Structure formats: C-alpha cells, structure tokens
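Student: Could you take me closely through the surroundings of the ligand, from its overall placement down to the individual side chains?

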Amino acid sequence: MTVDVTRPAVVAAVAAVPKQLFIGGAWTDATGGRTFAVGDPATGEVLCEVADAAPADGRRALDAAVAAQEEWAATAPRARSEILRRAYEIILSRTDELALLMTLEMGKPLKEARGEVAYAAEFFRWFSEEAVRVDGGYGTTPDGANRILIMRRPVGPCLLITPWNFPLAMGTRKIGPAVAAGCTMVLKPAPQTPLSTLALAGILTEAGLPPGVLNVVTTTDAAGVVEPLLRGGDVRKLSFTGSTQVGRILLAQCADTVVRTSMELGGNAPFIVFDDADLDVAVDGAMTAKMRNMGEACTAANRMFVHRSVADEFAARFAERMAALTVGPGTEPGSDVGPLIDAAGRGKVEELVEDALRRDAKVVTGGTTPDGPGYFYPPTVLTDVSRDAALMRTEIFGPVAAITTFDDEDEVVRAANDTEWGLVGYLFTRDVDRALRVGERLEVGMVGLNTGLVSNPAAPFGGVKQSGLGREGGRVGIEEFLEYKYVAIPVRNRA
Ligand code: NAP
C-alpha cells in the first residue's frame, strides 16, 4: 500500500493531530498559551506549533494522574486489557496516517515508519494479554504458624519520558505495561517528535481509556517541568528512555524521594564477525544493526570488530550494500535513508568521522555531507579505525560504520567489554560453542546471534552497566509497574 504524501495529504495529517496538552481527559492550552515549533528534518521547515508546558502545567497533569489512580487501580484487569486491545487495533487501522506523521517529524523512511507502527502496536497487544495474567501467591511459613498471602499492586502514578528516535514505540512500550498494571501516568515526549504521542493519546481515548489515566505534557523546558514533579513526592515511578547522561541526572533526582526507576539508556554495541561466520548473514546483519533508523538507535552497531582474515571481504561487501542505499526525504517512496534528527545530530556525526580520519581511518564509502536542505548524511563505512577514535567511545547515532580488526577471541571480548555501556552485542559465528561462550562473556543485556535485530515486544529489552536498569517488554515488562504486598495471617490449630 502506498501512503499519500501529496502536499494536501501532509497538511491534513498534521492538522488532524491535537496540538494542546492532554490533561485529565481534556485538551488544554499551556500556561500563557505558549507554543513551540515542530520541524521537518528533511526540509528544515516548520510543520506546526504545539503547546509548550510550564512547570505549573506539569503539576496539573500529575494532579490529574494522582486523582485518577485509586479508581483506575480498582478496574477489572479485563477492562484494562480490552482498552489496550482496542487501541492496538485502531493503531493498525491507521498505520498510514501514523507512519506519515512519524516520517514528517522524525525523518525515517515511510517503510521504516510503517514497521515502527506495527512494532509499537504490538506492545499494546502483548500487554493486553499480560494485564489478565498478574497473579500473587499463598504460602506457609516454615514453622507452620502463619500463612503468607502475596498480592500485586500497581506502583501508582508514573512519570514516563521518551526520546525522539522511536516516537511511537517508546511510548507504547511504557504506556502498555503501565495501563495493564493499573497505573496512571504523565508522559513527556521529546520536543522534536510530539505529534506521534499526541495522536496516540487520541487513540487511547477512543479506545476507552478513562480521563486522567494518561496525561501528555509537551514542553521545551524538560528539566523545569520534570524536576519538581520528581521531588514533589507524588510520582511513584519514573520510566525513562534516553541518553545515559540525562539518565544519571534523573537518577540523582529520584534518589532524594526514593522514586522507583526504569532506565533505558544509551548503547555502544559491539558487532563481532568471527572468521567462521557466514558472511552473507553477517553483511545482512550489519545492514540491519547499523542502518535501522539511519543508525539513530540505542541498539545500533557502534563498533564493528571483524576477524583479520575476513575483514577485507566483509568491508567490501558491506560497503557495496551501503553505497547502493538511496538517501532522500523519508516521504519519497524509494528512500532508504532519511535525514538525521537535527543540525546538532548531524554535526556530531561529522565531527566523529573527522576525528577518525585524523587518526588514519580510511573511507570506503560516504563520509561527505551533501549540499542542500535537510540534515542528510550518507551511509559511510570506515576501515582501519583506531581503537582510540572518539567514535569507538561515543554513540555515533548516524549511518556511519566503524570497522576494526581482531585476531583472537579473548582479545575481541576484552575490547567489546571495554566500555561503560552494555545494552546489546552482535555475534556472527557458525560455531555453537563459541556462540554460547562469547555470548555469556559479553557484558550486555541482549545478544543478537547471527542477527542484527533483537527488539521484540515479547522479549525483555534492556541493558547492564550504564545502559540502564530494568527491562521493557516480555513477561517482566509489567513487573516494573507492580509492587509486592504481603499479608501475614496467623492460623491457629484446632483445639
Ligand atoms: P535525551 O537527550 O536523553 O532525551 C530523552 C528525553 O529526556 C527527552 O524527552 C528529553 O527532552 C528529556 N530530558 C532531557 N533532559 C532532561 C532533564 N534534565 N529532565 C527531564 N527530562 C529531560 O535523549 P535523546 O537524544 O532524545 O535520545 C537519544 C538517546 O536515547 C540515545 O542515547 C539512545 O541510545 C537512547 N535510547 C535508548 C533506548 C533504550 O531502550 N535503551 C531506546 C531509544 C533511545 P528534551 O529533548 O527537551 O531535553
């Protein structure tokens, strides 16, 4: 199916989205009627203005969540489940509209945006199924004198903060389990990509979500709005997806009021190709792990370690595939690689490439910023990258692959683990022993074994080290939004 991307269709898609704050089930202006501009990274043009919340608006949103919490927690799990299921179906029925919005505000090609709509919807289907499977426990103390009744309770009002790179899926990955568990919430999306979240709030309302359960606050003053909420004592849980740098700041704020946290932070994924790998599979995996979302993914392959004996062949085949990609606005049907999110994002990529070249890296393809509007950067492959280069220690967040070579297994495991991050690692080998051995030794939360894609709503997504705390998705995803409560019950023996 083709998406209508004519000018009138684009104007209509943007016009259809509410641009206000969503608080207590009503669309409302920000204090003073303030707004900020949302731009199209493919053209640099302004798409629309949305409400720019002040700290007082954040407080109103949290008050609405707090007011709705008790009644929401008391709803039947089946009722919560069916709201999520309906929302899942509405999202899929609006795939084209949502994909177009996401492409306009974020830049990814329409085919990837359609993929993200399906991925995002799947979190609602998954958690609609989990909502009715929350159970407790019943046991006897070792001395036989007491019974232990264990119940699960929603943690309470949550603050959810999302990044711009997966505008819809990062929202549903948090809203889905929070709704399923019986929590109310305030969601603050990234200012670059508020439209997908605002559209999602409309869909959840249509699906029957009661007022106050989800509140959405768009703002350019993230720190000013969020800090008082975290310090105020009413937020019971912060679920954050974003950079490690901001994650550290928020963890410090949460410490003061002992707010529970889930942190999905940055990555610096190693992508390891052993000499026995199937190179067709490894090149396919590299294309996915590097180029999904133009490289703007926490799971992006950041450091490619290729065994010296296959490095030249791998680099040549991979570079040929990279060079064949079409760069252009995501709304163009043939586009494989859209623009980066903004001038700063592209500037960072340019600096990282320049630094690598100063340290004697070689360009196999790409490496030059094109003229013209939009924040485009070409698919780029660098070889002979020094392990000291800045891009080996920084999230590139762009379509740049940095290849370095290795000689033996111990050496590559040490190099792969030599980072503060530990989100995901990719491993290409046909040797099962080696796959398990290296898979166990990599200090990461997820391993892609002969694949460049690990994201799946049914799997526990998350990292170790400074890539985060907690997991999203899978059976454990809902746990992040539940507390244990136990009741001690003495039982007397019959006289
Ligand atoms: P970011 O700069 O950390 O921002 C993430 C969100 O936090 C945005 O909504 C941002 O709003 C907000 N924020 C920033 N400073 C804040 C503060 N002091 N208090 C409260 N909120 C604050 O990250 P990004 O550039 O949007 O996203 C890219 C990063 O996200 C990468 O590091 C990527 O690896 C990570 N990520 C991780 C996962 C995962 O699952 N592990 C998934 C996707 C992305 P403002 O922009 O207004 O500051």
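Tutor: What follows is a close look at the ligand and the residues around it. The model is a predicted one, and in it the ligand sits in the largest pocket. Domain 1 (7–265 + 469–483) and domain 2 (269–456) both contribute residues to the shell around the ligand, so the ligand lies between them.

There are 28 residues around the ligand, and those that come nearest are Thr162, Arg173, Ser243, Leu265 and Glu395. Sorted by class, the shell is made up of 18 nonpolar, six polar and four charged residues. Turning to secondary structure, at least two shell residues come from each of helix H6 (169–181), helix H8 (222–231), strand E10 (237–241) and helix H9 (244–257), and it is H8 that gives the most, with three residues.

Several side chains also make polar approaches to the ligand. An N or O atom in the side chain of Arg173, which is among the nearest residues, is 2.7 Å from an oxygen atom of the ligand, while for the side chain of Lys188 the corresponding distance to a ligand oxygen atom is 3.0 Å. Glu264 places a polar side-chain atom 3.5 Å from an oxygen atom of the ligand. As for overall cover, the ligand on its own has 890 Å² of accessible area, of which the protein covers 86%.

How values were computed. Residues numbered from 1 in each chain as written. Predicted model: local features only at pLDDT ≥ 70, side-chain atom pairs only at ≥ 80, totals over all residues. Heavy atoms only, no water. Near = heavy atom within 4 Å. Polar contact = N/O pair within 3.5 Å; in protein donor to acceptor, adjacent residues only side chain to side chain. Areas by Shrake-Rupley, 256 points an atom, 1.4 Å probe, with all protein chains shown as cover. 1 Å grid on protein atoms, 1.4 Å probe; cavity = no way out; pocket = protein on both sides within 12 Å on 5 of 7 lines; lining within 4 Å. Sits in = over half its atoms within 2 Å of the grid points. Helix = DSSP H or I, 4+ residues; strand = E, 2+ residues; numbered from the N terminus. Nonpolar A, V, L, I, M, F, W, Y, C, P; charged D, E, K, R; others polar. Domains from an automatic or database assignment.
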